[in-house]
Amino acid sequence: MNWGFRSSFVNYVARLSDGNIATSGVSKSGNSFAWGGGSGKYNQDTNKGLVSFGGTVSFSGHGGVMSSKFSGMRVQFLGGNSAALIANVVANDMSGKSMTMNGVQIATISLSGKKSTSGNTVTWSNAGLTLTSSGAKAFGGFYQPGESLDAITISVPLGGN
C-alpha cells in the first residue's frame with residue numbers, strides 16, 4: 001500500500017521548526033509512505049475482503065500540541081467500487097487533548113478505474129480517497145469531512161470469501 005496522507009499536511013509538518021515525521025515498519029519516499037507485507041485477501045467475485053498492514057506513521061509539532069499516530073492500517077473492501085481505509089489512531093485535537101480511536105474509518109476509497117491483475121495480485125493505482133468525519137478527528141479537526149486526501153495505490157492477494 002502506498003499513500004501520502006495529504007501532501008499539504010505532510011509538507012506543513014516538515015516545515016515546522018519542531019515538526020517530526022517518524023515511521024516504524026513503513027518506508028517514506030518524498031511525501032509518500034509505503035506499507036509492505038499486507039496480510040489478508042480480496043475476493044474478486046464479491047469485491048469484498050480485508051487486508052491489514054503493519055507499521056506506524058507519526059506526526060508531531062507545535063510543542064507536542066499537534067500529535068497524530070496512525071497504526072494498524074487496513075483496507076476493507078465493501079463490495080461494488082468502494083473500500084474503507086481503517087486505522088488505529090492516537091491524536092490530539094486542536095487544543096492538544098489526546099484521543100484514542102481504534103478501528104476508525106479514516107477515508108472512503110473509490111475503486112472505480114485503474115485496476116489491474118497480475119498473477120494472484122490485484123492492484124488499484126491512484127484510487128481517490130474522501131475524508132470521513134472520524135478521519136477528520138484523526139487529523140485533529142484540521143480538515144473537514146468530504147475533503148480529498150492523496151490518492152492511494154493498493155496491491156492485494158486474490159482469494160478470500
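A residue is called buried here when its relative accessible area is under 20%, and exposed when that area is over 50%. With that in hand, the structure can be read from the outside in. The model is a predicted one.

The protein is built from two helices and 12 strands. Starting at the N terminus, the elements follow the order β-α-β-β-β-β-β-β-β-β-β-β-α-β. For its 161 residues the globule rule gives 15 Å, and the radius of gyration is 15 Å, so the protein is as compact as a globular protein of that length. The C-alpha trace spans about 50 × 30 × 25 Å along the principal axes. Of the 161 residues, 40% are buried. Among contacts with a separation of 6 or more, 57% are between residues 24 or more positions apart.

Helix H1 covers residues 7-15, and its buried residues are Phe9, Val10 and Val13. These three lie on the same side of H1, because the arc they cover around the axis is only 95°. An α-helix has 3.6 residues a turn, so residues three or four places apart point the same way. The face of H1 turned away from the buried side holds the exposed residues Ala14 and Arg15. Several strands help to cover the buried residues of H1: E2 (20-24), E3 (26-29), E4 (32-35), E6 (48-61) and E7 (66-78) are among the elements that do so.

One residue of strand E2 is Ile21. Leaving out residues up to four places away in sequence, Ile21 touches Val10, Val13 and Ala14, and also Lys28, Phe33, Ser58 and Phe59. Two of the buried residues of H1, Val10 and Val13, are thus in the list of residues that Ile21 touches. Ile21 itself counts as partly exposed, because its relative accessibility is 21%, and the limit for buried is under 20%. Between the C-alpha atoms of Ile21 and Leu85 there are 20 Å in space, and the two residues are 64 places apart in sequence.

Leu85 leads to the interior. In soluble globular proteins, nonpolar side chains tend to be buried together. The largest nonpolar core here has 44 residues, and Leu85 is one of those with the most contacts inside it, along with Trp3, Phe5, Trp35, Phe77, Ile106 and Ile109. Phe5 shows what such a position looks like. Apart from neighbours within four places in sequence, Phe5 is in contact with Val10, Phe33, Trp35, Val57, Phe59, Phe70, Phe139, Leu149 and Asp150. Val10, from the buried side of H1, appears in that list as well.

Next to Phe5 in the sequence comes Arg6. Where does the partner of Arg6 in a salt bridge lie? The partner is Glu147, and the closest N and O atoms are 2.7 Å apart. Glu147 sits in the loop between helix H2 (133-138) and strand E12 (148-157), whereas Arg6 sits in the loop between strand E1 (2-3) and H1, so the pair links distant parts of the chain, 141 residues apart. Arg6 is buried because its relative accessible area is 19%, while Glu147, at 24%, counts as partly exposed. The count of salt bridges comes to one.

A polar side chain is also found inside strand E5 (residues 39-43), to which Asn43 belongs. Asn43 has a relative accessible area of 13% and is therefore buried. A polar atom of the Asn43 side chain lies 3.1 Å from the backbone nitrogen of Thr46.

Notes
Residues are numbered from 1 along each chain as its sequence is written. This is a predicted model: local features need pLDDT of at least 70, side-chain atom pairs count only at pLDDT 80 or more; totals for chains, interfaces and linings use all residues. Side-chain values use heavy atoms; hydrogens and water are left out. Buried means under 20% relative accessible area, exposed over 50%, partly exposed in between (1.4 Å probe, protein chains only). Helices (H or I, at least four residues) and strands (E, at least two) are DSSP runs, numbered from the N terminus. The arc is that of the directions from the helix axis to the C-beta atoms. Contact means heavy atoms within 4.5 Å. A polar contact is a pair of N or O atoms within 3.5 Å; within protein, one must be able to donate a hydrogen and the other to accept it, and residues adjacent in sequence count only if both atoms are side-chain atoms. A salt bridge is a side-chain nitrogen of Lys or Arg within 4 Å of a carboxyl oxygen of Asp or Glu. A nonpolar core is a set of buried Ala, Val, Leu, Ile, Met, Phe, Trp, Tyr and Cys residues joined through side-chain atoms within 4.5 Å. The radius of gyration is taken over C-alpha atoms; the globule rule is 2.2 Å times the number of residues to the power 0.38.
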